[in-house]
Amino acid sequence: MLEPILRASNITRTFGNGRKSVSALKGINMTIQKNSLVILKGRSGSGKTTLMNILGGLDTPTEGTITFLGQDLAKLSQKETDEFRKKHIGFIFQAFALLPMMSATENVEFGLRIAEKPPKEWDERVTEALEWVGLSKRAKHRPSELSGGEQQRVAIARAIANRPSLILADEPTAELDSKRTLQIMRLFRSLVDEQDMTIILTTHDPSVLQLADHIFELKDGQLLDSEVVS
Ligand SMILES: Nc1ncnc2c1ncn2[C@@H]1O[C@H](COP(=O)(O)OP(=O)(O)OP(=O)(O)O)[C@@H](O)[C@H]1O
Ligand SMILES: [Mg+2]
């Protein structure tokens, strides 16, 4: 049976005010089903990052509500939102946000520390996550010693090591060539099908659309009709 994990109702987001204000989102309604792989597409500036930040509780909508696992995020205090996010959501940011002084292993481990996973599980989870993204051989390297695509894969490993219920990934394959992109998309597909995760990702790459269960398209802050891929 289809069960929603996340629902956005009448979301707007306006930055600034007066004549310089920007309406980045103009009334978004969307429902994300549990255990689905969802793609959010749209031109640069259409509002994808803004929407992802709001879906994950990193930013607050100007109007509208986000319900995640039945919980209205607006009803939580800042501290409760942070706790909720740590427990349930993994982010892969458009800029990877890796810590420069830490190796790949330490970056992934740091994610587990933040999420307050038991330290005895760290080693196994880090090893597994780096293996999933094909980076076992680069585990000891720091971000500056890794290529852009490798750094992107460390960021992916950091998010999946926590086994969150929801992963929000903003252009997770932007730095990857077509072969790696397909590998990461297949990994996402298996995390959804076998590890009980739900993944929402943004992309500009039309070649990956066929692996999604659902595609939403944003245009100038509004959702066009969504497609269900069969
Ligand atoms: N903090 C901010 N202050 C003012 N305007 C902003 C802010 N963040 C985003 N915007 C504007 O909101 C709109 C949507 O931006 P957003 O980053 O969500 O686009 P995007 O779809 O993610 O684009 P890209 O594909 O280039 O990453 C843009 O017009 C952008 O300039
Ligand atoms: Mg963006």
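A cavity, as I use the word here, is a set of grid points where a 1.4 Å probe fits but cannot get out, and its lining residues have an atom within 4 Å of a point.

**Entry 1: the cavity**

I note at the outset that this is a predicted model. I searched the whole structure for cavities of 30 Å³ or more and found one. For the largest cavity I recorded a volume of about 30 Å³. I then asked which residues line the largest cavity. I listed G56, G57, L73, T81, F84, R85 and I89. Helix α2, residues 78-88, gives the largest share of this lining, with three residues. I also sorted the lining by class and obtained three nonpolar, three polar and one charged residues.

**Entry 2: the shell around ligand 1**

I turned next to ligand 1 and found 14 residues surrounding it. The closest are S44, G45, K48, T49 and T50. I asked which element supplies the largest share of the shell around ligand 1. That element is α1, with three residues. Both β2 (22-33) and α1 (48-55) supply at least two residues each to the shell. By class, I entered eight polar, three nonpolar and three charged residues for the shell around ligand 1.

**Entry 3: contacts with oxygen atoms of ligand 1**

I looked up individual distances between the protein and ligand 1. From K48, a polar side-chain atom lies 2.7 Å from an oxygen atom of the ligand. In T49, a side-chain N or O atom is 2.8 Å from an oxygen atom of ligand 1. G47 takes part through its backbone, where an N or O atom lies 3.0 Å from an oxygen atom of ligand 1. I then considered how much of ligand 1 is covered. Taken alone, ligand 1 exposes 640 Å², and the protein buries 61% of that area.

**Entry 4: salt bridges**

How many salt bridges does the structure hold? I recorded 12 salt bridges. As background, I noted that side chains of opposite charge can pair when their charged atoms come close. I examined one pair in detail, D196 with K34, whose closest N and O atoms are 3.9 Å apart. I counted this pair as a salt bridge because the cut-off is 4 Å between a side-chain nitrogen of Lys or Arg and a carboxyl oxygen of Asp or Glu. Where do the two partners sit in the chain? D196 belongs to the loop between α6 (178-194) and β8 (198-203), whereas K34 belongs to the loop between β2 and β3 (37-41). The two residues are 162 residues apart, and I therefore entered the pair as a link between distant parts of the chain.

How values were computed
Residues are numbered from 1 along each chain as its sequence is written. Chains are lettered from A and ligands numbered from 1 in the order in which they are written. This is a predicted model: local features need pLDDT of at least 70, side-chain atom pairs count only at pLDDT 80 or more; totals for chains, interfaces and linings use all residues. Side-chain values use heavy atoms; hydrogens and water are left out. A residue is near a molecule or strand if one of its heavy atoms lies within 4 Å of it. A polar contact is a pair of N or O atoms within 3.5 Å; within protein, one must be able to donate a hydrogen and the other to accept it, and residues adjacent in sequence count only if both atoms are side-chain atoms. Accessible areas come from the Shrake-Rupley method with a 1.4 Å probe; for residues, only the protein chains shown count as cover. Helices (H or I, at least four residues) and strands (E, at least two) are DSSP runs, numbered from the N terminus. Ala, Val, Leu, Ile, Met, Phe, Trp, Tyr, Cys and Pro count as nonpolar, Asp, Glu, Lys and Arg as charged, and the others, Gly among them, as polar. On a 1 Å grid over the protein atoms alone, a cavity is a set of points where a 1.4 Å probe fits but cannot get out, and a pocket is an open set with protein on both sides within 12 Å along at least five of seven lines; lining residues have an atom within 4 Å of a point. Grid points are joined across faces, edges and corners, and a volume is the space filled by probe spheres set on the points.
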